[in-house]
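User: I should like to learn how to read the main features of a structure. Please take them one at a time.

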Amino acid sequence: GALFFGQLLALCNAVSGIFNQVINDRSKTPIPACQTALNYVLLCSTYGIYQLKQGGLSILLSTAGAKCFINAVIDVEAWYWIYKSYHFTSLTSVQSLDCLSIPVAIFMSRFLLHKTYNYSQYGAVFVSMLGITLIVYSDY
C-alpha cells in the first residue's frame, strides 16, 4: 500500500510540474497552493492509514508529531516557491532544482528527526547529487 501511494505521489509531482508550466504559459494567474492540493491529500491519507494500522493517531500529539508538523510547514512553503518559480524560469531549470528535495529531506530527517540511514542510502543520495551536478553543468 505505501509503495503504491509513494509511486502515485511521485507521478502526481511529475504531472503537476508539467501542468504547472502549461498553466503559467497560458495564464498569468498564480495559483501555486491549489496546484499541490492533491499531493497533500495523498500524503495525509497514506500517513493516516499507516498510523491507524500502527495503533492510532496519538503520535500526532507527541514531540514527533510536532517535528513532523514543522517539516510539513517547511515542505508546503518549499512547494509554494517551487511552483511560483515557474513564472520566472523554464521547466528544466525548476526540475533540476527540485531534484535537491530528496537530499534535503534526508538531511532534515537525519538532524531534526534523528533518523538513521545505511551507507547504500547515502550512496544513492551521492549519485543523485552527481546527476544534479551534471544537469546544471550541461545547462552551461
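User: What does the accessible surface of the protein come to, and how much of it belongs to carbon and sulfur atoms?

Analyst: Accessible areas come from the Shrake-Rupley method with a 1.4 Å probe, and for residues only the protein chains shown count as cover. Here the accessible surface is about 9900 Å², with 73% belonging to carbon and sulfur atoms. This is a predicted model, in which local features need pLDDT of at least 70 and side-chain atom pairs count only at pLDDT 80 or more, while totals for chains, interfaces and linings use all residues. Residues are numbered from 1 along each chain as its sequence is written, and side-chain values use heavy atoms, leaving out hydrogens and water.

User: Which elements of the protein have the lowest and the highest mean pLDDT?

Analyst: pLDDT is the predictor's confidence in each residue, from 0 to 100. Helices (H or I, at least four residues) are DSSP runs, numbered from the N terminus. Helix 2 (residues 32-35) has the lowest mean, 67, and helix 6 (residues 101-112) the highest, 84. The protein as a whole averages 76. Where pLDDT is low, the predicted coordinates should not be read in detail.

User: Which residues make up the largest nonpolar core?

Analyst: Such a core is a set of buried Ala, Val, Leu, Ile, Met, Phe, Trp, Tyr and Cys residues joined through side-chain atoms within 4.5 Å; buried means under 20% relative accessible area, exposed over 50%, and partly exposed in between (1.4 Å probe, protein chains only). In this model the largest core consists of Trp79, Ile82, Tyr83, Tyr86 and Val94. Its largest share, three residues, comes from helix 4 (residues 63-85). Of the 140 residues of the protein, 21% count as buried.

Conventions
Helix = DSSP H or I, 4+ residues; strand = E, 2+ residues; numbered from the N terminus.
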